[in-house]
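Me: Could you take a close look at the salt bridges in this structure and place them among the strands around them? I would like to know which partners are buried and which are exposed, and what the neighbouring sheets, core and loops look like.

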Amino acid sequence: MSGKTIALSGDQLGRVGVWDLAAERLPGTLLVGHRRAVYAVALGQLDSKTIAVSGGNDGTVRVWDLTVGKQLGNELTGHTDYVFLVAIGQLNGRTIAVSGSKDGTVRVWDLAAGKQLGEPLTGHTGEVRSVAVGRLGGETIAISAGGDDGTVRLWGLGSATVSSGG
């Protein structure tokens with residue numbers, strides 16, 4: 001994807017569209033893997049690869065190598081309902097994704113290891129409708145907002161470690 005300007009989209013058939021904006025192709029590539037609708041997509045880097053992270057109605061998070069148009073590793077599982085949101089960031093030099101779900105949890109994923117970091121972040125009393133990753137005072141944080149409970153939560157991720165489950 002070097003030098004290309006791209007955008008990502010998800011569709012109701014479980015596909016991630018990779019749009020080559022300069023070529024005005026609609027879409028340039030279709031990534032197939034989700035079993036149902038794709039609700040969330042994010043663009044980032046993992047090692048030297050341009051990647052997409054997607055989440056959807058099947059409750060999974062998937063990582064895609066955009067250079068070859070293939071899924072990297074296995075689907076990331078743990079959510080028990082739709083994945084509405086994904087965001088990509090860095091934690092201790094590693095590329096992570098944060099996902100939010102209708103199940104009310106926020107999960108942090110080590111994308112190189114293909115595993116969940118720590119336990120699910122809980123506290124919302126309904127579905128999670130917004131997530132972001134950033135830095136505050138030198139610490140990596142996630143921010144989530146609940147659609148049903150109207151709360152915004154800030155999560156310090158500095159102590160996240162790979163869990164044995166999920």
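The reply below starts from the charged pairs and works outwards to their surroundings.

Reply: This is a predicted model, and the structure holds 6 salt bridges, of which I will go through several in turn.

I begin with Arg-62 and Glu-75, which form a salt bridge whose closest N and O atoms are 2.5 Å apart. This pair connects distant parts of the chain, since Arg-62 belongs to strand E6 while Glu-75 sits in the loop between E7 and E8, 13 residues apart. With a relative accessible area of 5%, Arg-62 is under the 20% limit and is therefore buried, whereas Glu-75, at 28%, counts as partly exposed. The two are also part of a wider arrangement, because Arg-35, Asp-58, Arg-62 and Glu-75 are linked in a network of salt bridges, each link being a side-chain nitrogen within 4 Å of a carboxyl oxygen.

The strand that carries Arg-62 has its place in an open sheet of 4 strands, ordered E4-E5-E6-E7 and paired antiparallel. At the edges of this sheet are strand E4 (38–46) and strand E7 (70–71), each of which pairs on one side only. Within the sheet, strand E5 (residues 49–56) and strand E6 (residues 61–65) run antiparallel and are joined by 5 bridges, and one register point in that pairing is Ile-51, which stands opposite Asp-65 in E6. In general, strands of a sheet pair through backbone hydrogen bonds, either parallel or antiparallel. The loop between E4 and E5 contains Asp-47, which has a positive phi of about 55 degrees although it is not a glycine. Most residues other than glycine have a negative phi. At 67% relative accessibility, Asp-47 is over the 50% limit and so counts as exposed.

The next pair is Asp-110 with Arg-94, whose side chains meet in a salt bridge at 2.6 Å, N to O. Here too distant parts of the chain are linked, with Asp-110 in strand E10 and Arg-94 in strand E9, 16 residues apart. The partners differ in their cover: Asp-110 counts as buried at 5% relative accessibility, while Arg-94 is partly exposed, with a relative accessible area of 38%. In the loop between E8 and E9 lies Asn-92, a non-glycine residue with a positive phi of about 50 degrees, and at 62% relative accessibility Asn-92 counts as exposed.

Both strands that hold this pair also contribute to the nonpolar interior. The largest nonpolar core has 15 residues, and those with the most contacts inside it are Ile-96, Val-98, Val-106, Val-108, Val-131 and Leu-157. Two or more residues each come from strand E8 (83–91), strand E9 (94–101), strand E10 (106–110), strand E11 (115–121) and E12, and the largest share, 4 residues, is given by E8. Strand E10 pairs with E11 in the antiparallel sense over 4 bridges, with Trp-109 standing opposite Gln-116 in E11. The hairpin of these two strands has 4 residues between them, and in this hairpin Gly-114 takes a positive phi near 70 degrees.

A further pair is formed by Arg-129 and Glu-127, whose closest N and O atoms are 2.7 Å apart. Arg-129, at 44% relative accessibility, counts as partly exposed, and Glu-127 is buried, with a relative accessible area of 14%.

Following the chain from there leads to an open sheet of 3 strands in the order E12-E13-E14, with antiparallel pairing. Strand E12 (128–136) and E14 stand at the edges with a single partner strand each, so that one side of each has no neighbour in the sheet. Neighbouring strands in this sheet are turned against each other by 20 degrees on average, direction ignored. Strand E13 (residues 139–146) and E14 pair in the antiparallel sense over 5 bridges, and Ser-144 has Arg-153 in E14 as its bridge partner. Leu-154 is found in strand E14 (residues 152–156), and together with Leu-136, Ile-143 and Val-152 this leucine forms a nonpolar patch on the surface, with about 380 Å² of accessible area for the four.

Taken together, the three pairs described above each join a buried partner, namely Arg-62, Asp-110 or Glu-127, to a partly exposed one, namely Glu-75, Arg-94 or Arg-129.

How values were computed: Residues are numbered from 1 along each chain as its sequence is written. This is a predicted model: local features need pLDDT of at least 70, side-chain atom pairs count only at pLDDT 80 or more; totals for chains, interfaces and linings use all residues. Side-chain values use heavy atoms; hydrogens and water are left out. Patches are made of residues with over 30% relative accessible area and no salt bridge: like charges are joined within 9 Å, nonpolar side chains (Val, Leu, Ile, Met, Phe, Trp, Tyr) within 5 Å. Accessible areas come from the Shrake-Rupley method with a 1.4 Å probe; for residues, only the protein chains shown count as cover. Two strands pair if DSSP finds at least two bridges between them. Axes are lines fitted to C-alpha atoms, for helices over the stretch in contact, and angles run from 0 to 180 degrees between N-to-C directions. A nonpolar core is a set of buried Ala, Val, Leu, Ile, Met, Phe, Trp, Tyr and Cys residues joined through side-chain atoms within 4.5 Å. Buried means under 20% relative accessible area, exposed over 50%, partly exposed in between (1.4 Å probe, protein chains only).
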